[in-house]
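Biologist: Please choose one helix in this model and take me through its surroundings closely, saying what each term means as you use it.

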Amino acid sequence: MIGIGADRTQLREGGSMNLAALLADLGAELSPERVRADPLEVALYARDASMIEGRAAAVCFPTTTAEVQAAVRVARVHGRAVIPRGSGTGLAGGAVPVSADGVDPVVVVTTKMNRILEIDAEERVAWVQPGVLNLDLSRAVAHLGLHFAPDPSSQQACSVGGNVANNSGGPHCLLYGVTSAHVLAVEVVLADGSVAMLGGLDPDPGGYDLRGAFVGSEGTMGIATRIAVRLTPLPPTVRTLLVDFMSIDDAAAAVTGIIAAGLVPAALEMMDAPITRAVEEYVHAGFPLDAAAVLLVEVDGLPSGVDAAAATVAEVVAAHGARTIRVAADPAERALLWKGRKSAFGAIARIAPNYYLHDAVVPRGKLVDVLRQVNAIAERHGLAVMNVFHAGDGNLHPLLLFDRRHPGVVDRVFAAGKEIMEVCVAAGGVLSGEHGIGLEKRDYMGMIFSAADLDAQARLRAAFDPSGVCNPTKVLPAGSRCGDLQSVPEGAWV
Amino acid sequence: MTSVLERFAAEVGPTGPVVAVGGRTQWLVGGPPLTTAREVVAPGGVVDHQPAEMIVRVRAATTVAELDAVLAEAGQMVPLDPDDAVHATVGGVLAVGHSGPRRLRYGPVRDAVLEIVYVSADGTLIKAGAPVVKNVSGYDLCRLLVGSLGTLGLLSEVVLRVQPVPLARRWLAGSGDPFQARARLYRPSSVLWDGTTTWILLEGHPGDVDAEAARLGPGFAEVTGSPPLPTGGRISVRPGQLRSWCAVRSPGSYLAEFGVGTVHLLAPSESAVASHPDPVTARLGAEVKSRFDPSGRLNPGRQP
């Protein structure tokens with residue numbers, strides 16, 4: 001557990017009076033039951049799914065755009081930062097309440113904004129509030145033969161607003177693309193409390209693609225209050241194959257081989273032996289307990305193409321030494337195989353009390369080499385490691401298992417984590433494929449970007465939020481803004 | 001050793017109005033550039049095509065035809081599909097941001113961009129994104145730059161995501177209703193309508209293309225291709241409103257992309273952009289511009 005923003009001593013004096021005034025103003029705007037400041041309740045929002053902890057002054061649960069505006073304005077008047085939060089499933093600390101000045105921020109939670117506002121089956125568009133859960137949206141449009149394509153493993157719990165903030169992926173983004181490709185328009189409450197509509201339902205809205213800039217901005221550019229998402233037809237044919245290997249190198253080489261054969265499977269997932277055993281003991285899906293690695297390959301589309309792609313997959317994996325190929329016979333078996341994949345993190349809870357889940361992307365051709373190095377790093381630090389990941393797009397997810405009660409282990413976990421990042425970057429990869437930078441990787445940004453690159457990103461952020469009210473200290477390391485930026489007068493160009 | 005990108009950045013320099021020239025095929029989109037601005041040309045050439053990674057690194061002044069030829073050797077493509085691939089450059093297509101007529105299946109051009117190296121207003125080379133197919137490390141400057149008409153930075157080199165060329169490809173034309181035709185198909189590559197005739201492009205496995213063609217019924221027959229896209233102007237309509245939009249226009253005066261909403265006009269008669277940002281969003285856009293290009297020196301005169 002890391003504490004951030006510890007230097008709050010100067011604020012203790014008079015803090016309670018300020019807090020009372022803040023709560024009174026928030027309560028007047030939202031209604032008192034949607035503003036919480038009880039220490040126990042607020043403590044629940046001190047963390048997200050990462051290992052980082054912060055501290056909030058108050059937590060509010062708006063239900064409308066106007067209430068989000070009010071919360072932002074009140075927080076601002078009281079000199080408090082605003083921390084947008086969806087379901088809190090983020091793994092990079094993006095929703096942890098911290099501020100640059102040590103004043104406890106206000107958390108704005110979107111979970112009460114959970115209505116699907118409109119579904120247009122012909123245009124294949126839905127307008128949703130940000131707190132709608134990812135899987136609920138797909139379920140709500142399934143009877144129309146449609147779905148929301150981004151499918152992070154946390155899709156039962158994560159919100160569409162959170163998906164927008166993190167430009168979330170999931171197994172099927174290999175074919176269907178990440179969240180940005182499925183977001184047409186976003187209504188955003190900006191840091192000054194005004195409302196902007198970014199993007200639009202027409203194909204080329206005028207002006208810059210601010211929608212594209214906002215998606216993946218991790219809550220640092222405002223709070224999404226309404227989102228227009230693209231709905232994708234359910235594929236007429238789906239085939240899911242479970243392939244196992246006696247060597248992890250062969251499995252990784254088979255992944256490269258499948259992509260090199262000109263196929264773009266709907267999903268191409270890999271699990272190593274330890275995680276396969278853990279999952280099998282948890283869900284009993286019939287995963288082979290003695291395999292060094294398994295691949296879960298899904299191809300979808302029209303029947304002839306699916307037959308041909310499945311045959312090619314079978315040929316390629318056989319050529320790379322696959323031991324057995326199991327084809328899901330029906331939707332129930334397919335669902336069971338996917339349940340195994342998506343329950344991986346639940347399965348781990350039975351093995352170790354804590355885990356640290358990594359997220360990095362490397363060129364697919366480097367998978368074999370990087371996996372070897374990741375496992376060697378874990379071994380050097382005396383940590384158990386399991387790998388379950390989106391192999392098709394090179395998106396690694398090494399899991400380091402540990403027990404926080406052992407003295408010094410957290411330091412070893414972070415040291416190993418940093419080395420894993422260095423290995424991935426050295427292989428030509430990036431810091432995150434779908435979890436985001438948040439606080440966790442903020443200080444690693446210099447590994448992949450120059451000072452000038454980071455300055456450009458800081459300019460974009462400053463255009464949206466010049467005074468740094470929204471989710472401060474996240475994504476960009478301190479000092480990303482070059483000195484000359486300060487000389488640009490605000491609003492000078494308009 | 002100075003790289004070609006560094007030489008380009010030096011040529012752009014830190015001062016004075018500059019305009020990036022591609023193939024001049026979309027020169028008037030967003031307004032003509034100021035004639036007093038100094039013309040600069042980005043470097044060209046396909047730098048690195050990695051078929052197994054399904055990515056290609058290409059410099060901005062490369063023509064789309066040249067890129068297409070390199071990718072075709074490996075059975076791959078990036079469906080940029082500009083009207084004039086012989087002259088249009090990759091940088092120009094991305095700066096303008098117009099997607100080709102296969103957007104219905106392959107998505108907008110912005111979704112193909114993985115990395116952009118550009119020259120900023122102060123003459124510095126900046127990298128955004130990375131050459132991997134999935135990446136949320138920092139802000140998505142790439143999508144911001146696509147369609148920015150070079151007003152935020154001058155594109156120098158990009159990494160694009162490539163796709164396999166479909167095994168079969170067939171155009172059909174008929175008098176059937178484009179909405180109904182589209183609803184019968186799984187993922188057509190293009191559905192075009194001029195008020196009288198519907199053209200449909202099917203791509204994929206030959207067996208699927210045959211089956212989809214049969215699903216369209218006897219009202220459709222195979223043709224060699226679509227008519228050329230009219231070049232009188234391009235407007236952006238909500239796909240759900242295309243039917244009512246078309247109902248009050250004379251047939252043959254346009255070609256509309258169903259399911260997408262892009263309409264190509266025969267004669268320039270309406271404004272090029274159908275929707276305008278609300279005042280708050282417009283102010284935000286101006287704020288972005290002022291922070292990326294405080295002196296307004298990049299492609300002055302053009303407005304995305």
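Modeller: Two residues are in contact here if their C-beta atoms, placed from the backbone, lie within 7 Å. Helices (H or I, at least four residues) and strands (E, at least two) are DSSP runs, numbered from the N terminus. This is a predicted model, in which local features need pLDDT of at least 70 and side-chain atom pairs count only at pLDDT 80 or more, while totals for chains, interfaces and linings use all residues. Residues are numbered from 1 along each chain as its sequence is written, and chains are lettered from A and ligands numbered from 1 in the order in which they are written.

I have chosen helix 9 of chain A. In its packing with helix 14 (residues 367-380) of chain A, the angle is about 145 degrees and the axes are 9 Å apart; such axes are lines fitted to C-alpha atoms, for helices over the stretch in contact, and angles run from 0 to 180 degrees between N-to-C directions. The crossing of these two helices of chain A is right-handed, a crossing being left-handed if the near helix is turned anticlockwise from the far one by less than a right angle, and right-handed if clockwise. On the side of helix 9 of chain A, the residues that take part are A:Ile248, A:Asp249, A:Ala252, A:Ala253, A:Val255 and A:Thr256, and they meet A:Leu367, A:Val368 and A:Leu371 in helix 14 of chain A. By class, the residues of this contact divide into seven nonpolar, one polar and one charged, where Ala, Val, Leu, Ile, Met, Phe, Trp, Tyr, Cys and Pro count as nonpolar, Asp, Glu, Lys and Arg as charged, and the others, Gly among them, as polar.

A:Val255 deserves a separate word. Apart from neighbours within four places in sequence, A:Val255 has contacts with A:Leu268, A:Met270, A:Leu295, A:Arg364, A:Leu367, A:Ala391 and A:Gly392. A nonpolar core is a set of buried Ala, Val, Leu, Ile, Met, Phe, Trp, Tyr and Cys residues joined through C-beta atoms within 7 Å, and a residue is buried if 20 or more other C-beta atoms lie within 10 Å of its own, exposed if 12 or fewer, and partly exposed in between, with C-beta atoms placed from the backbone. The largest such core has 220 residues, of which A:Cys60, A:Ala71, A:Val255, A:Leu295 and B:Leu160 touch the most other members. Helix 9 of chain A supplies eight residues, the largest share of this core.

The surroundings extend to the other chain. Chain A brings 78 residues and chain B brings 66 residues to the contact between them. Helix 9 (248-260) is among the elements of chain A that give two or more residues to the side touching chain B, along with strand 11 (195-199), helix 8 (210-214), helix 11 (303-319) and helix 16 (451-464). Helix 16 of chain A gives the most to that side, ten residues, and the side as a whole has 41 nonpolar, 25 polar and twelve charged residues.

As for the chain that carries the helix, the secondary structure of chain A comes to 16 helices and 22 strands, and 58% of its 494 residues count as buried. Among contacts in chain A between residues at least 6 apart in sequence, 74% join residues at least 24 apart. Its C-alpha atoms fill a box of roughly 70 × 60 × 45 Å along the principal axes.
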